[in-house]
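Here's a quick briefing to read with the model open on your screen. Have a look at the chain, then go through the points below.

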Amino acid sequence: MQPKHRGLRVLDDRIDTLVSESLASADDFLVRELVSDMSILKFGTDGWRAVIAEDFTFANVERVAQATANFWLANPIAGTEKKAVVGYDRRFLSDQFAKRVAEIFASSGFVVTLTAQPSPTQSVSFAVKAQKAVGGIMI
């Protein structure tokens, strides 16, 4: 319903503009916050290296695990089965990060082998070959 008085109509239009601007600012803020939380992950020749609790967080580990699972599902490798091997070493929270990775792969339909104790990288590679798994993840 339009106000009868011109001054009220101008005020009503101004309120609409302020509300629209506020909503746009809120949207911009949310996008900035989401993007800043999703830092760019950097991989080298030996995998992902990051500082624990800075870039190496549960949220980022989950992102990488899900992306890897999605890639392996979309690009099956001949001669392999829908299996993944997840291992970890003795670093801080490595077992917890590995457990979360295993959960994500299992929820994506993979049969997952999670090492029962800290293991060398080579044992994960051996298990991948022995089980004809599509791949392995070493935390």
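Start with a charged pair: glutamate 62 and arginine 100 join their side chains in a salt bridge, at 2.9 Å from N to O. That pair ties together distant parts of the chain, since glutamate 62 sits in helix H2 (residues 58-74) and arginine 100 in helix H3 (residues 94-107), 38 residues apart. Keep in mind that this is a predicted model.

**Salt bridges**

- The structure has four salt bridges in total.
- In general, side chains of opposite charge can pair when their charged atoms come close.
- Glutamate 62 is partly exposed, at 28% relative accessible area, and arginine 100 also counts as partly exposed, at 28%.
- The pair doesn't stand alone: Glu62, Arg100 and Glu103 are linked in a network of salt bridges.
- Another salt bridge brings together the side chains of lysine 83 and glutamate 81, at 3.2 Å from N to O.
- Lysine 83 is partly exposed with a relative accessible area of 23%, and glutamate 81 counts as partly exposed at 39%.
- Aspartate 89 and arginine 91 form a salt bridge as well, with 2.5 Å from N to O.
- Buried or exposed: which is aspartate 89? Aspartate 89 is buried, because its relative accessible area is 18% and the cut-off for buried is under 20%.
- Its partner arginine 91 counts as exposed, with 55% relative accessibility.

**Strands S3 and S4**

- S3 (81-87) is joined to strand S4 (residues 111-114) by four bridges, and these strands run parallel.
- How does the chain get from S3 to S4, and what is the hand of the crossover? The path goes through H3, and this β-α-β crossover is right-handed.
- Lysine 83, already met in the salt bridge with glutamate 81, has valine 111 as its bridge partner in S4.

**The two sides of H4**

- Which residues of H4 (121-131) are buried? Val124, Ala127 and Val128 are.
- These residues lie on the same side of H4, because they cover an arc of only 105° around the axis.
- S3 and S5 are among the elements that cover the buried residues of H4.
- Flip to the face of H4 turned away from its buried side and you'll find the exposed residues Gln122, Phe126, Lys129 and Ala130.

**Positive phi angles**

- As background, most residues other than glycine have a negative phi.
- Leucine 93 has a phi near 60°, a positive value in a residue other than glycine.
- Where is leucine 93? Look in the loop between strand S3 and H3.
- With 30% relative accessibility, leucine 93 counts as partly exposed.
- Lysine 132 is another residue other than glycine with a positive phi, near 55°.
- Lysine 132 comes just after H4, in the loop between that helix and strand S5 (133-138).
- Lysine 132 counts as partly exposed, at 48% relative accessibility.

Definitions and conventions:
Residues are numbered from 1 along each chain as its sequence is written. This is a predicted model: local features need pLDDT of at least 70, side-chain atom pairs count only at pLDDT 80 or more; totals for chains, interfaces and linings use all residues. Side-chain values use heavy atoms; hydrogens and water are left out. Buried means under 20% relative accessible area, exposed over 50%, partly exposed in between (1.4 Å probe, protein chains only). Two strands pair if DSSP finds at least two bridges between them. A crossover is right-handed if, with the strands pointing away from the viewer, the path from the first strand over the helix to the second runs clockwise. The arc is that of the directions from the helix axis to the C-beta atoms. Contact means heavy atoms within 4.5 Å.
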